[in-house]
Amino acid sequence: ITGDKVLVNSRPSKQKSPDIVHVIACMWQRSASDSGFLTSLMNSYFIDRKTLDIHICNNSPAYQARREKIAQDLNDNNHGHKITIHDMGSNTYGYGRFLLAKQLQKVQPMDYIIMVDDDQRVIRDTLSDIYNVREPLTLKAWYGKNWNADNKDYWHPTERLRLEPSETIKEHPEITSWQYGGTGMSIVDANAFRIEELFQIPEVYKDVEDMWLSYVLQLAGYKIGRLFTIFDVIVSESNSGQWPQLKKKKNRLFEVLGYLKCGK
């Protein structure tokens with residue numbers, strides 16, 4: 001044993017490999033903003049040499065070639081970050097992030113995963129700030145909701161935040177945990193995607209996967225914390241997204257899962 005220690009300690013030290021921060025996002029049919037969204041991710045800055053490994057679930061196969069071209073141009077002119085566009089073959093909704101995370105973990109180590117929506121624009125330090133507050137067995141989400149026991153309506157929670165990110169960092173700082181945490185602008189312990197129940201979501205609810213994630217994680221003993229960060233939201237893109245079509249379905253799943261039993 002002593003000889004082994006001497007041998008190891010006598011070897012010259014190596015430069016530390018840069019930490020890799022993993023980001024997964026889904027893109028659908030907002031083609032006009034492809035470049036702006038991907039560029040904002042690639043312009044992220046980490047003071048301690050971390051690099052981004054960005055994976056995009058392309059839920060609109062018709063845009064695959066266009067998005068690959070944008071990604072390649074950005075990969076050729078960046079500071080070490082990398083974007084990969086994955087053709088999902090169809091619209092997998094936000095659930096595609098779960099499928100991709102599970103697949104990626106089979107071929108590379110991942111400790112935490114940041115999830116971003118394609119109507120959100122990170123600024124220079126957003127992803128660095130998010131990564132710095134990561135916690136094991138935890139989902140931290142910028143947007144979330146809490147309900148009192150007598151509140152049975154998903155869309156009218158007791159506690160929530162407005163959709164102005166530059167202001168919500170100052171709004172109700174006493175709220176530090178959620179019953180439901182939105183996946184857009186969040187960071188989660190990557191082991192979450194090793195929970196098999198996460199992939200047993202009923203087919204009819206795969207387009208409201210964010211609710212399923214919060215439900216399964218809490219049952220698995222994970223915490224859902226509030227994430228304090230600043231970024232921009234492209235409101236015109238948010239309003240043209242898929243969520244308005246899901247209002248009744250989200251309320252139905254809220255009742256089916258018995259969300260209030262999870263607690264804060």
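This tour moves through a predicted model, stopping at selected strands, helices and one loop residue.

**First stop: strand S1 and its partners**

Select strand S1, residues 20–27. This strand is mostly covered, with 7 of its 8 residues buried. Now add strand S2, residues 51–58, which runs parallel to S1 and is joined to it by 8 bridges. To see one of these pairings, display His22 together with Asp53, its bridge partner in S2.

Next, bring in strand S4, residues 112–116. S1 and S4 pair in the parallel sense as well, over 4 bridges. Here the residues to display are Ile24 and, opposite it in S4, Met115.

**Second stop: helix H4**

Keep S1, S2 and S4 on screen and select helix H4, residues 95–104. Of the 10 residues of H4, 7 are buried, so that the helix is mostly covered. Colour the buried set separately: Tyr95, Gly96, Arg97, Phe98, Leu100, Ala101 and Leu104. What do these buried residues of H4 pack against? Their contacts are with strands S1, S2, S3 (82–87) and S4, and with helix H7.

**Third stop: helices H2 and H3**

Select residues 34–42 for helix H2 and residues 64–76 for helix H3. Their axes lie 10 Å apart and the packing angle is about 30°. An angle under 35 degrees counts as roughly parallel, and H2 and H3 are therefore described in that way. The crossing of H2 past H3 is right-handed. On the H2 side, show the side chains of Asp34, Ser35, Leu38, Thr39 and Met42; on the H3 side, show Arg66, Arg67, Ile70, Leu74 and Asn75, which complete the contact. By character, the residues of this contact divide into 4 nonpolar, 3 polar and 3 charged.

**Fourth stop: helices H7 and H9**

Return to H7, which was met as a packing partner of the buried residues of H4. Select H7 as residues 209–219 and add helix H9, residues 247–257. The two pack at an angle of about 20°, with 10 Å between their axes. H7 and H9 are therefore roughly parallel to each other, and their crossing is right-handed. From H7, display Asp210, Met211, Trp212 and Tyr215; from H9, display Lys250, Leu253, Phe254 and Leu257, which they meet. How do the residues of the contact of H7 with H9 divide between nonpolar, polar and charged? There are 6 nonpolar and 2 charged residues, and no polar ones.

**Fifth stop: Lys152**

Leave Phe254 of H9 displayed and select Lys152, found in the loop between S7 and S8. Is Lys152 buried or exposed? Its relative accessible area is 52%, and Lys152 is therefore exposed. A distance label drawn between the C-alpha atoms of Lys152 and Phe254 should read 8.1 Å, although the two residues are 102 apart along the chain.

**Last stop: the sheet S8-S7-S9**

From the loop, move to the strands on either side of it, S7 and S8. They belong to an open sheet of 3 strands, in the order S8-S7-S9, with antiparallel pairing. Strand S8 (159–160) and strand S9 (180–181) are at the edges; each has a single partner strand, so one side of each is left without a neighbour in the sheet. To inspect the pairing in detail, select S7, residues 144–146, which is joined to S8 in the antiparallel sense over 2 bridges. For one of the pairs, display Asn146 and its bridge partner in S8, Glu159.

How values were computed. Residues are numbered from 1 along each chain as its sequence is written. This is a predicted model: local features need pLDDT of at least 70, side-chain atom pairs count only at pLDDT 80 or more; totals for chains, interfaces and linings use all residues. Side-chain values use heavy atoms; hydrogens and water are left out. Two strands pair if DSSP finds at least two bridges between them. Axes are lines fitted to C-alpha atoms, for helices over the stretch in contact, and angles run from 0 to 180 degrees between N-to-C directions. Angles under 35 degrees count as roughly parallel, over 145 as roughly antiparallel, 65 to 115 as roughly perpendicular and the rest as oblique. A crossing is left-handed if the near helix is turned anticlockwise from the far one by less than a right angle, and right-handed if clockwise. Contact means heavy atoms within 4.5 Å. Ala, Val, Leu, Ile, Met, Phe, Trp, Tyr, Cys and Pro count as nonpolar, Asp, Glu, Lys and Arg as charged, and the others, Gly among them, as polar. Buried means under 20% relative accessible area, exposed over 50%, partly exposed in between (1.4 Å probe, protein chains only).
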